[in-house]
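Let's take a walk through this structure, looking at how some of its helices pack. Have the picture open while you read.

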Amino acid sequence: MDAHWDDLRIFLAVARAESLSGAGRVLKLDPATVGRRIARLESALAAPVFVKSPQGYTLSAAGERLLAHVETAEQAMRAATDALAGPSESLSGAIRIGAPDGCANYALPQVCAAIAAENPDLDIQIVAQPRVVNLSRREADMAITVSPPTAGRLLVHKITDYHLHLVAAQSYLDVSPPIRGPGDLRGQRMIGYIPDMIFDAELDYLADLGVERVPLASNSVPVQLNLAAQGAGLCVAHDFALPNHPELHKLLTDRIALTRAFYLVRHQGDQRSERLNRLADAISEGLRDEVTRLQRLT
């Protein structure tokens with residue numbers, strides 16, 4: 001095989017973006033150039049690495065076999081670059097962190113701000129999405145999740161537990177029927193996730209409470225909490241988010257209390273990178289401390 005590393009790097013980008021144009025945006029190349037480089041790679045390998053369709057580019061059987069080896073090479077090159085850079089007190093380069101939007105809005109910014117202040121040459125990008133960030137497509141270098149993945153070559157580390165409670169604004173409580181126990185939730189106006197957009201069973205809080213109808217719903221935690229803050233209804237809220245919403249009051253704390261956890265997920269091969277290990281430790285420690293601090297304020 002006479003394949004250039006640069007062609008393999010382009011192969012990785014197309015595999016992750018599933019299109020020439022998507023890979024071109026990442027690589028800052030025009031799609032035609034990306035297509036020529038893929039054709040050159042396939043010629044060198046004497047095998048097609050993608051199956052092309054109107055929906056995009058998917059890996060062929062040969063491409064699937066190639067992908068694991070190229071990702072291993074990518075991780076080895078990253079580790080080698082770190083080693084050649086030598087030890088340094090501060091971190092540099094770019095890091096992209098994926099996180100569910102509750103964490104990304106209410107806890108992770110404080111953590112990343114502190115890390116950035118200590119490492120002025122480090123660029124931090126937070127990908128806040130109401131879904132699981134796809135590490136295999138390199139949407140992020142590491143991800144914070146609410147349940148540990150069970151598939152893939154991944155490093156999974158539990159960061160911390162966090163707590164959630166039923167909350168409402170006083171303006172809603174003033175006009176709603178009395179809420180003395182979980183049974184009184186029937187007939188209340190509930191705020192929660194859009195049912196068919198719940199991307200992890202750990203987020204189906206209202207099902208745990210026996211709630212079947214969600215009159216006000218959003219796939220965004222901040223939108224849910226802002227709806228509750230407007231007196232629109234009841235919702236289940238992260239305790240660490242409540243310092244940002246002092247108008248929300250916890251209800252039935254002795255009867256309704258949920259516990260979930262955050263996990264840090266990384267590519268297995270990234271453990272050879274001292275830089276990424278240090279970043280992972282800083283993010284985990286910082287998020288654990290910040291969640292604890294915020295929960296003490298509620």
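What follows is a look at two helix pairs in a predicted model.

Start with the pair α1 and α3. Helix α1 covers residues 5-17 and helix α3 covers residues 31-45; their axes come within 9 Å and cross at roughly 115 degrees. Angles of 65 to 115 degrees count as roughly perpendicular, so that's the word for how α1 sits relative to α3. The crossing is left-handed. Which residues of α1 and α3 make the contact? On the α1 side you'll find D6, D7, L8, I10, F11 and V14, and on the α3 side V34, R37, I38, R40 and L41. Sorted by class, that contact has seven nonpolar residues and four charged ones, with no polar residues.

Now jump along the chain to helix α6, residues 108-118, where L108, V111, C112 and I115 are buried. These four span an arc of only 90 degrees around the axis, so they lie on the same side of α6. What do they pack against? Their partners are the strands β3 (92-99), β4 (121-128) and β5 (142-145), plus the helices α5 (101-106) and α10 (274-296).

That last partner deserves its own stop. The axes of α6 and α10 come within 9 Å and cross at roughly 130 degrees, which makes α6 oblique to α10. Here the crossing is right-handed. From α6, L108, Q110, V111 and I115 meet L279, A282, I283, G286, L287, E290 and L294 of α10. By class, this contact divides into eight nonpolar, two polar and one charged residue.

Key. Residues numbered from 1 in each chain as written. Predicted model: local features only at pLDDT ≥ 70, side-chain atom pairs only at ≥ 80, totals over all residues. Heavy atoms only, no water. Axes fitted to C-alpha atoms, helices over the stretch in contact; angles between N-to-C directions. Helix = DSSP H or I, 4+ residues; strand = E, 2+ residues; numbered from the N terminus. Parallel < 35°, antiparallel > 145°, perpendicular 65-115°, else oblique. Left-handed = near helix turned anticlockwise from the far one by under 90°. Contact = heavy atoms within 4.5 Å. Nonpolar A, V, L, I, M, F, W, Y, C, P; charged D, E, K, R; others polar. Buried < 20%, exposed > 50% of the residue type's maximum accessible area, 1.4 Å probe, protein only. Arc of directions from axis to C-beta.
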